[in-house]
Structures are given as structure tokens and as C-alpha cells.
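Q: Can we go through the pockets in this one, and then a helix or two?
A: Sure, here it is.

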Amino acid sequence: MSSDTLAKAPAAPDVPEHADALRIVPHRRLGQWTAAAVVLLLLALAVNSVLRNEAFRWDVVADYFTSAAVLRGLWLTLWLTAVVMVLGFALGTLLAAARLSSNPVLRGVSWGYVWLFRSIPILVQLLLWFNIGALYPQLFGVRTVNLLTPVAVAIVGLTLHEAAYAAEVVRGGVLSVDRGQIEAAQALGLSRWRRWWRIVLPQAMRSIVPPAGNMLIGTLKGTSIVSVIAVQDLLFSVQLVYHRTYQVIPLLMVATVWYTIVTSLLGAGQYYVEKYYARGSERTR
């Protein structure tokens, strides 16, 4: 290298003698910490108010929390939720398959079902099924009032309502699978059943599980509406007790705590199921 080149080379920047002592100081977010402190203060005040308010009667809540009537109502709620979800998704899967078929009649019937049952409020549906005997006094040679008990009405009404939403969940999950995956499976000579079981379903579950989990939690809470037709679920059970004892708030808190516990457990289960089906994807949390 020539002396002229060395002369034109830029001088090295001055380095402080105590460069090792320099450290990066994070920006102080005073507004965020202030807002967090205010939120925590309000939360503490709310919790203190709930715990120390004598109107809640936590001693009464503890007495009835595991009573026989409440546990029977809780069991019926859980059983009803499980039955409705299984039947609802079974019917919803058939409706989704019909909606995705090439047959215009099946597509039209499936679309009409989803449109109708998503348009009518669930309370109206339950009341209509509960009073179906006014339209059809007999079904299959049996009196309707004997055939459709309140529990049967709850299962029928909730299942038909749930199937309409499950059909859209399943259809959306299937449509989320890249078409190229199916074409590649066809090129490999896989049968239709193996394509659906080994290729389409595992990938569709990534899109199906989150809304299905939300539907499960929503169904659990939605079963409380069957109390209007005298089905002795959790809510109806606590209503029977407070109609006798006049302890309305404590008994409602019993139901509230039980619903919170069960929905929290279902939410935790949903997290692990989502994590299982998200294996190999970019987002696993």
C-alpha cells in the first residue's frame, strides 16, 4: 500500500478510555408502570370488596358448595355438555361434508340448515321444542309429552343449535388445508379415506380445535338456559335451594364458582390440545 493511500485513510474514531464501563440503559416507561400500578390497585380494591362484603355470605357458600343437590346439578350440566358436543359435532361434520360436496341439493340443504338454526335464538328454539306437543300431539304413535321429556328437549334443542355452528367450524378447518396437499396425496395413490385421515384431518385440526374449544366452554355455560324448562342443571339446582332459603346471592356464587372452576379446567385442556396439533407449525403457542 502506498504512502498516499495511508495518508488518505480515515482516522479511527476516538474510543473512550472506559468503553468497557459503558452500559445500555433501558428507556423508562413511566406511563406504563403508572397504568399497571393503577390497575393493580383497582384489582386489589375489588378483591377486598368481594371478600369482606358480608352480603356474599361465604360461610353459606361453603356449606352448599358440595351439597348433594348442587353436585347432582353439576353432574347433569357436565353430562349434558358432553352429549350435546358429541352429537352436535357429529351432525355438524355431516353438514360440513354436504356443504363441501359437488351436489347442489346437499349444498343447499346444508346452507339452509345453518342459516335457519343460527338465525333463531337458542331460548326460542328450546321453548318451541318444549311446546311441540301443541303441533304434534303424537310422534311415532307415542304421546309427545311422554316422548320428549325436559332433558330430551334440552338435548334436541342444544344439539340442533350446536350443529349449525360446528358445521361452519369443520368446513373452515377443511378449507384451511392447502389444496396442493390433497393433490400430492392423490398423486401418491392414497385412497380418499386415507387422504382425509392422514393428510386433511391432522392439518384441519389446527384450525378446528381453537373454535371447538371455545364452543365447548360456551356450551357448558349455555346449558344454564335449560333451567327455563325445569331441567335440574347446576343453575336450576341452586335456584331450588335459594327459593327455599332466600339466600340468593350466596347460592348464585356457588354456581359462579363451579362454572369458573370447570371452564378453567376446560381452557387448560384446550391449550394442551392446541399445542399437540400445532406440532411442526411455525406458531406453537
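A: A note on classes before the pockets: Ala, Val, Leu, Ile, Met, Phe, Trp, Tyr, Cys and Pro count as nonpolar, Asp, Glu, Lys and Arg as charged, and the others, Gly among them, as polar. Also, this is a predicted model.

Q: Fine. By class, what lines the second largest pocket?
A: Its lining has seven nonpolar, two polar and three charged residues. Among the lining residues are Arg179, Arg192 and Arg195, along with Trp196 and Gln186.

Q: Which elements supply at least two residues of that lining?
A: H4, H8, H10 and helix H9 (179-187). The space in this second largest pocket is about 310 Å³.

Q: And how much space lies in the largest pocket?
A: About 670 Å³. Two or more lining residues come from each of H4, helix H8 (150-175), helix H10 (192-222) and H12, with H10 giving the largest share at 14 residues.

Q: Which residues lie nearest its centre?
A: Thr93, Val170, Leu201, Met205 and Ile208, out of 29 that line the largest pocket. By class, that lining has 23 nonpolar, five polar and one charged residues.

Q: Switching to H4. Is Thr77 buried or exposed?
A: Thr77 is buried, because its relative accessibility is 1% and buried means under 20%. Beyond its neighbours within four places in sequence, Thr77 contacts Leu220, Thr223, Asp233, Leu234 and Tyr259.

Q: Leu234 starts H11, right? What does H11 pack against?
A: H11 covers residues 234-245, and Leu234 is one of its buried residues. Those buried residues pack against helix H3 (58-65), helix H4 (68-100) and helix H12 (248-277).

Q: What comes just after H11?
A: Tyr246, with a positive phi of about 65 degrees.

Note on methods
Residues numbered from 1 in each chain as written. Predicted model: local features only at pLDDT ≥ 70, side-chain atom pairs only at ≥ 80, totals over all residues. Heavy atoms only, no water. Helix = DSSP H or I, 4+ residues; strand = E, 2+ residues; numbered from the N terminus. Expected span 1.5 Å × (residues − 1). Buried < 20%, exposed > 50% of the residue type's maximum accessible area, 1.4 Å probe, protein only. Contact = heavy atoms within 4.5 Å. 1 Å grid on protein atoms, 1.4 Å probe; cavity = no way out; pocket = protein on both sides within 12 Å on 5 of 7 lines; lining within 4 Å. Points joined across faces, edges and corners; volume = space filled by probe spheres on them.
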